[in-house]
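Colleague: I would like to learn how to read a structure feature by feature. Could we take some salt bridges, the ligand site and the backbone in turn?

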Amino acid sequence: MIIEKDLSAKKVRIGMLGFGVVGRSVYEKLQENLADFSARAGGTLEIVKVAVRDPKKTGLPENLVTTNIEEIISNPQIDIVIELMGGIEPAKTAILKSLKNGKSVITANKALLAEHARELFDASDVVDEDIFYEAAVAGAIPILRPLRESLVGDKVLRFMGIVNGTTNYILTKMFEENMSFEQALKQAQNLGYAESNPTSDVSGKDAAAKAAILGSLAFHTPITIDEVSCEGIENISAWDVAAAKSLNMVIKLLAIGEITPSNKVSIRVHPTLVPNSHPLAAVRESFNAIFLDTLLAGELMFYGRGAGGVPTASAVLGDLVAIARHRLSEVTGPEETDYADYEIASISEIITQGLIQMDVRDIPGVLEQVAHTFAQNEVSIQALRQNGRGDDAELVVMTHPASEDRLQNTLKQLAKVPVVKDVSSFIRVAGNTSYIN
Ligand code: HSE
């Protein structure tokens, strides 16, 4: 027997801050599926106000739109605030005030969480309200809830994530279509993947914010963006692409978090060589993926769309239904734990293989001088290839695993060796997993 529940008695009222690509998709998909989502939540969901910068452009009913965020964050009738403005302020103040006023909060604001998560979580603890942010990392991919809940009985040893769609799109186009960096970036912008200032995509800053959020959950340790060592893809050249291809590898911008042998947490973003046999190598275009190594489950991979309005709306709406359920049952969801408080390792402490490319003079004794520099720094060479180029030559060296410290010293000294004209690139290789070694 199906018992029809009268949902109309239970209402959950929602206010939205921001109506950009994601905001519009959240609104439209909620309206399209309102009956289903309400049934899942156990009460009628209703968007009662949307705060926007320019009210003319929304196409929303006039009574729904405001330019004054106070009409949402201080509105006693609103239960849940969805913050999709982005940026630090006024988003931070708006979230803090919403919580103080007894509202639950959903945000996709990675930059804000990567800097101020602790303050926001403390504020939500004080008032016992939920703050959920699944959409802040890897768009549609459910990864934060699995880390917080499903894997809370396991131990994450390492994550390697492709968490920026724009850079993954650019690298894919450079590898598969020999497209120039600039051309591929332009396409990614046209497709709506890039941030309003795409520098934060290509510099790795967007991925670093996501690494901080992932690392905080994975290692039960508060991590902020300034603790993430970060390099972008600005300097990846056609030479790097050719070298990677010759090694049956691809280059991916990875957000990496791992527990080091000295029991610290290394957290970083940099272009990384990934063997074609690794599942992350198959993550193309704007897709994202997070590959986990855990103590008990072993290897896990989460794959999906990391950017774009409609996919990201899936994560926001998932949080919305979850929080609505909580409010209707007068409970809150599980909180973040940061009891482990790992020390953050400096990047100089990591152990990695490195691919080094340099332009050298093509004269007798060059290899000896170069090899001597590696030997002096106790960096062992795994493979070396020389390609002639007129009077000069290009040397491509793959090292065995060595400490970053030794590798950086080697690079510095190589630059001073007279026969070395230019050390043109250094790219780290993805760390040990069963796929790699
Ligand atoms: N600019 C981001 C990206 C959007 O390219 O992944 C999603 O956070």
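Modeller: Start with one residue: Lys173 is buried, because its relative accessible area is 8% and buried means under 20%. Bear in mind that this is a predicted model.

Colleague: Which residue does Lys173 form a salt bridge with?

Modeller: The general idea is a side-chain nitrogen of Lys or Arg within 4 Å of a carboxyl oxygen of Asp or Glu. In this case Lys173 pairs with Glu177, and their closest N and O atoms are 2.9 Å apart. Both residues belong to helix α7, four residues apart, which is about one turn of the helix.

Colleague: Is Glu177 buried, partly exposed or exposed?

Modeller: Glu177 is partly exposed, with a relative accessible area of 45%. Its partner Lys173, at 8%, is buried.

Colleague: Where do the two partners lie in the salt bridge of Glu349 and Lys264?

Modeller: First the contact: the side chains of Glu349 and Lys264 meet at 3.0 Å, N to O. This pair links distant parts of the chain, 85 residues apart. Glu349 sits in the loop between α12 (309-329) and β13 (351-352), and Lys264 in the loop between β9 (249-259) and β10 (265-275). As for cover, Glu349 counts as partly exposed at 32% relative accessibility, while Lys264 is buried at 17%.

Colleague: How far apart are the closest N and O atoms of Arg406 and Glu378?

Modeller: They are 3.9 Å apart, and the two residues form a salt bridge. Arg406 lies in helix α14 (residues 404-416) and Glu378 in the loop between α13 (366-376) and β15 (381-389), so the pair ties together parts that are 28 residues apart in sequence. Arg406 counts as partly exposed, at 35% relative accessibility; Glu378 is exposed, with a relative accessible area of 59%.

Colleague: How many salt bridges does the count come to?

Modeller: By this rule the count is 25. Salt bridges can also join into a network, as they do for Lys110, Glu195, Asp206 and Lys210.

Colleague: Let us move to the ligand. Which residues are around the ligand?

Modeller: To read a site, list the residues around the molecule, then sort them by kind and by where they sit in the chain. Here the list is Lys110, Asn164, Gly165, Thr166, Tyr193, Ala194, Glu195, Asp201, Asp206, Lys210, Gly306 and Ala307. By kind, the shell has three nonpolar, four polar and five charged residues. Helices α7 (165-177) and α10 (205-218) each supply at least two residues of this shell. The four residues of the salt-bridge network, Lys110, Glu195, Asp206 and Lys210, are listed around the ligand as well.

Colleague: What is 2.7 Å from a polar backbone atom of Gly165?

Modeller: An oxygen atom of the ligand is at that distance from Gly165. An N or O atom in the side chain of Lys110 is also 2.7 Å from a ligand oxygen atom. For Thr166, a polar side-chain atom lies 2.6 Å from an oxygen atom of the ligand. Taken alone the ligand exposes 260 Å², and the protein buries 90% of that.

Colleague: Now the surface. Which residues make the nonpolar surface patch of about 290 Å²?

Modeller: Leu157, Leu295 and Leu296 make it. Leu296 is placed in the loop between β11 (287-294) and β12 (298-305). Leu296 is exposed because its relative accessible area is 61% and exposed means over 50%.

Colleague: Last, the backbone. Which peptide bond is cis, with omega near 10°?

Modeller: The bond from Glu89 to Pro90. Pro90 is in the loop between β4 (80-83) and α4 (91-100).

Colleague: And which residue other than glycine has phi near 55°?

Modeller: To read this feature, look at the sign of phi and check the residue type. Asp128 has that positive value, and its place is the loop between α5 (110-127) and β6 (131-132). Asp128 is partly exposed, with a relative accessible area of 48%. Asn178 is not a glycine either, and its phi is positive at about 50°. Asn178 occupies the loop between α7 and α8 (181-190) and is exposed, with a relative accessible area of 64%.

Note on methods. Residues numbered from 1 in each chain as written. Predicted model: local features only at pLDDT ≥ 70, side-chain atom pairs only at ≥ 80, totals over all residues. Heavy atoms only, no water. Patch = residues over 30% accessible without salt bridge, like charges linked within 9 Å, V, L, I, M, F, W, Y side chains within 5 Å. Areas by Shrake-Rupley, 256 points an atom, 1.4 Å probe, with all protein chains shown as cover. Buried < 20%, exposed > 50% of the residue type's maximum accessible area, 1.4 Å probe, protein only. Near = heavy atom within 4 Å. Polar contact = N/O pair within 3.5 Å; in protein donor to acceptor, adjacent residues only side chain to side chain. Nonpolar A, V, L, I, M, F, W, Y, C, P; charged D, E, K, R; others polar.
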